[in-house]
Amino acid sequence: MAISWRLCPGQQLRRRQWDGECVLYNDLSGDTHLIGADALELLLALHAGPADTDNLGRHLRSAGMAADDAEVATMLEDLERLALVEAVC
Amino acid sequence: MLTVAQLPAGQLAARLAGAGLTLQTGAFVTRLQSTIPSVVRGVALMYADYPLGPDDGYADFHLRMVRPLNWRRWLRPQVQLLADGLAPFKPLPLAQAYPMFEWGLNWCISSRAHSYLMLHAAVVEKHGRAAILPAPPGSGKSTLCAALVHHGWRLLSDELTMVRLEDGLIAPMPRPISLKNGSIELMRAALPTALFSPPVHDTNKGTVAHLRAPADSIVRLDEAARPAWIVFPRYEAGAAVELQPVAKARAHLRTAENAFNYSVLAARGFDAMAALIEQSDCYDFRYSSLADGIATFERLAAPP
């Protein structure tokens, strides 16, 4: 069964985008991250509500961002390490 | 408004020895007390054109430069900086008293003035538009800044870029330009009529000297400037001059690395930095001659 994910509570996704790159303010750590368009799309999808890995992969592909399930899983793990997203038990 | 140079003879030393000399350096008023001769001479030389602070006694920063009364005073005399009565640093050799005043004032501002986003960057202005030069020590930032402000640019600061949180404008804080090691003789040769403080040797930064800020920059202490460019300078001996655009998202991160209080300001710091980057063209600038530097900045400022 695919893991379900959500934004970490408190993350506002304060950001600025230029030329396909995005700087994102992490409300929990105070860090600023440089993220790509695909990671931002994932975060925006989770901002709308929790979703599982399969649905997030479909969402990215429908947005024209080529991503197989393994890439989506890796991206989510990276975002989890930054305390931007967390798995929902 | 009365300037330091307009004080009657003997008044500068008397104020420094007494209740203190109040200096208006941009948005801040500093009260300085000291009887150390090199500090008195340094202030007379470097701050001649600065207006005195208000007569009501208000000052943002209270600095005292004193000689510690320890056994060392007989063998190796020292100087101690007191900021609001506290000693934030260990004493230094007495010969370093004047630079210690400059470093101490930088420390006071960079550790307390959190109504600004503060960058470790030189900043100069022309036609109302400011060029910010964030860079680590050794990049030639102050040397390039010194050359620019003697070739048509206004000095806003050689060390601390103060971005006002309320409107994103840069508040001027022109102070003596700190030069190190080889750049001292380089600038003496390039600017034969400019005034320099006596070189002080064997500091943590090597040999240091200060270059007096141009008088017209001090007259315009109250004129804030709109940011237009962020230029990351890098001096490289023998290199061909090169100005390369930097992607804005990356410029945001690199400029944040050169900020004193980006993290302290948290989300407000992020917003201020993003607004700064939004309205600035960002470049990496490599150069090996000041003439190339001056010419490149002239082209940047030229009307489109």
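**Cores, helices and contacts**

Me: Which residues touch the most other members of the largest nonpolar core, which has 110 residues?

Reply: A nonpolar core is a set of buried Ala, Val, Leu, Ile, Met, Phe, Trp, Tyr and Cys residues joined through C-beta atoms within 7 Å. A residue is buried if 20 or more other C-beta atoms lie within 10 Å of its own, exposed if 12 or fewer, and partly exposed in between, with C-beta atoms placed from the backbone. Among the 110 residues here, the ones touching the most other members are B:L117, B:V123, B:V124 and B:L133.

Me: And where does this core lie with respect to domain 1 and domain 2 of chain B?

Reply: The domain bounds come from an automatic or database domain assignment. Residues of this core come from both domain 1 (4–112) and domain 2 (116–301) of chain B, so it lies between them.

Me: Before going on, what kind of model is this?

Reply: Residues are numbered from 1 along each chain as its sequence is written, while chains are lettered from A and ligands numbered from 1 in the order in which they are written. Local features need pLDDT of at least 70, side-chain atom pairs count only at pLDDT 80 or more, and totals for chains, interfaces and linings use all residues, as this is a predicted model.

Me: Back to B:L133: which residues does it touch, not counting residues up to four places away in sequence?

Reply: Two residues are in contact if their C-beta atoms, placed from the backbone, lie within 7 Å. Leaving out residues up to four places away in sequence, B:L133 touches B:A121, B:A122, B:V123, B:K141, B:L144, B:C145, B:V231 and B:P233.

Me: How far apart are the centres of domain 1 and domain 2 of chain B?

Reply: Chain B is divided into domain 1 (4–112) and domain 2 (116–301). Taken over C-alpha atoms, their centres are separated by 25 Å.

Me: Which element gives the most to the side of domain 1 of chain B that touches domain 2 of chain B?

Reply: The contact takes 17 residues from domain 1 and 21 residues from domain 2 of chain B. Helices (H or I, at least four residues) and strands (E, at least two) are DSSP runs numbered from the N terminus. On the domain 1 side, β1 (21–25), α2 (37–46) and α4 (97–112) of chain B each supply at least two residues. With six residues, the element giving the most is α4(B).

Me: Is helix α5 (residues 141–149) of chain B mostly covered or uncovered, and how many of its residues are buried?

Reply: The buried residues of α5(B) include B:K141, B:L144 and B:C145. The helix is mostly covered, and of its nine residues the number buried is nine.

Me: At what angle do α5(B) and helix α6 (residues 182–190) of chain B pack?

Reply: Axes are lines fitted to C-alpha atoms, for helices over the stretch in contact, and angles run from 0 to 180 degrees between N-to-C directions. B:T143, B:A146 and B:A147 of α5(B) meet B:S183, B:L186, B:M187 and B:A190 of α6(B). The two axes are 11 Å apart, at an angle of about 10°.

Me: How do the axes of helix α2 (residues 53–62) and helix α3 (residues 69–81) of chain A sit: roughly parallel or roughly perpendicular?

Reply: These axes come within 9 Å and cross at roughly 110°. Angles under 35 degrees count as roughly parallel, over 145 as roughly antiparallel, 65 to 115 as roughly perpendicular and the rest as oblique. That makes α2(A), with respect to α3(A), roughly perpendicular.

Me: Which residues of the two helices make that contact?

Reply: From α2(A) come A:T53, A:L56, A:G57 and A:L60. From α3(A) come A:D69, A:V72, A:A73 and A:L76.

Me: Which element of chain A gives the most to its side that touches chain B?

Reply: 11 residues of chain A are in contact with 12 residues of chain B. On the chain A side, β2 (14–18), β3 (21–25) and β4 (32–36) give two or more residues. The most, four residues, comes from β3(A).

Me: What is phi of A:D19, and is the residue buried or exposed?

Reply: A:D19 lies in the loop between β2 and β3 of chain A. With 9 other C-beta atoms within 10 Å, A:D19 is exposed. Most residues other than glycine have a negative phi. Phi of A:D19 is positive, near 50°.
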